[in-house]
Amino acid sequence: MKEFSPLWCQWIQDFVSKGSVAMKINNNVGRYFKTDKGLRQWDSLSPILFNLVVDMLAIFITRAKEDAQISGLTPHLVDGGLSILQYADDTILFIEHDLEQAKNLKIILCAFEKLFGGKGYVEHYSCIFGCGLGNLPFRYLGIPMHHKRLNNKDWKQVEDSFKKKLSSWKGKLLSYGARLVLINSVLSSLAMFMMSFFEIPKGILKKLDFYRLTKWDILCLPKDQGGMGIRNLEVHNVCLLSKWLFKLINEEGIWQTILKRKYLRGKTIGEVQWKSGDSHFWSGLMKVKGRFLQLSSFILHDGSQIRFWEDRWFGHLPLKIQYPSLYNIARKKNVTISSVFSSIPLNISFRRALVGEKHQKWERLVTKIALVQLDDQPNSLKWNISK
């Protein structure tokens with residue numbers, strides 16, 4: 001299928017099945033014997049063969065979906081449904097709750113390591129695949145995965161890591177410089193991976209700050225402001241979550257597609273609000289959204305996902321702050337730029353007639369934005385603080 005030459009295939013076959021080794025003791029070489037398990041994990045050829053195998057697995061899964069033998073999850077969010085996710089040497093497979101589909105998938109696969117699912121029916125799938133059962137939440141790439149919101153006990157691993165590092169730290173034996181290095185280089189980094197995906201609970205944040213035993217209101221200030229430059233975990237958490245919003249607006253990928261179809265649904269990022277039932281990840285993004293938008297501005301192209309009044313796209317402030325008297329009497333607060341520029345004169349209506357000073361302000365605003373030209377490119381976002 002991959003059109004490798006017969007000679008290359010024979011080489012690989014020899015590497016996998018015909019290896020032999022011998023033991024050398026006191027310069028005496030013993031008899032050679034065959035190795036039965038092929039290549040070991042750290043062999044330089046292993047990554048190439050692994051990629052070939054998982055690539056074929058993805059092809060088989062795709063063909064099975066095309067033949068309606070299996071179906072992926074959330075087809076309304078991912079075209080064709082989500083059936084397989086692969087990263088490095090980890091592979092996760094998804095199917096709908098259907099025992100016949102499970103049997104079809106079993107034909108494709110040789111072995112399963114663990115199975116995760118809801119209670120009541122997962123045992124049937126365990127029998128089909130001949131694998132063990134895992135517990136939720138499980139960790140994937142170091143992140144706890146659960147269909148429910150994570151609670152404080154799911155952060156216990158981070159808390160335990162802090163305790164472990166501090167258990168051998170004898171503060172009276174360390175200089176102030178050594179303590180600062182320990183806090184910034186070790187302790188502040190232990191929670192970073194979890195904070196990159198989830199909003200850190202207030203109770204956990206209080207415990208982590210307690211372990212570090214410092215006065216954060218003073219020492220977390222920059223050095224040029226009289227502090228020690230120690231990372232503020234809460235601020236760091238906001239920054240890490242904000243980066244996901246930046247990537248959601250500026251980049252395209254499978255996770256961006258899922259979030260846009262599930263939560264945005266054609267709305268701008270500024271319009272959507274948190275609601276009950278949202279995922280833990282999305283809830284964290286919604287809580288930092290306001291501060292994120294205050295420190296960024298849109299680069300205008302097609303204007304479809306930028307609000308005319310609310311977002312910052314013309315000048316250093318949103319138009320609702322530059323022209324509050326016009327904003328207060330506008331009929332639609334969340335109207336997009338593409339909608340406003342869809343007609344001439346501009347597609348903006350007000351609850352009252354514009355007279356006197358308000359009319360003059362509107363004329364000045366129209367004159368300023370008259371040179372704005374929209375194109376077919378998607379809008380992007382610019383971070384205004386630093387790179």
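Here are three short exercises on this predicted model, each with a worked solution.

Residues are numbered from 1 along each chain as its sequence is written. Local features need pLDDT of at least 70 and side-chain atom pairs pLDDT 80 or more, while totals for chains, interfaces and linings use all residues; side-chain values use heavy atoms, without hydrogens or water.

**Exercise 1.** Find which residues of helix α4 are buried, and explain how they are arranged.

*Solution.* Start with the helix, a DSSP run of H or I with at least four residues, numbered from the N terminus. Here α4 covers residues 122-129. Next, apply the burial cut-off (under 20% relative accessible area, 1.4 Å probe, protein chains only): Val122, Tyr125, Ser126 and Phe129 are buried. Viewed down the axis, they fall within an arc of 105° (taken from the directions from the helix axis to the C-beta atoms), so they line one face of α4. Finally, look just past the helix: Gly130 follows, with a positive phi near 65°.

**Exercise 2.** Work out which parts of the chain the salt bridge of Lys202 and Glu234 ties together.

*Solution.* A salt bridge needs a side-chain nitrogen of Lys or Arg within 4 Å of a carboxyl oxygen of Asp or Glu. This pair meets at 2.8 Å, N to O. Lys202 sits in α8 (residues 202-212) and Glu234 in α10 (residues 233-250), so the bridge links parts 32 residues apart in sequence.

**Exercise 3.** Decide whether Asp278 is buried or exposed.

*Solution.* First find its partner: Asp278 forms a salt bridge with Lys275 (3.5 Å, N to O). Asp278 has 13% relative accessibility and is therefore buried.

Technical notes
Buried < 20%, exposed > 50% of the residue type's maximum accessible area, 1.4 Å probe, protein only. Helix = DSSP H or I, 4+ residues; strand = E, 2+ residues; numbered from the N terminus.
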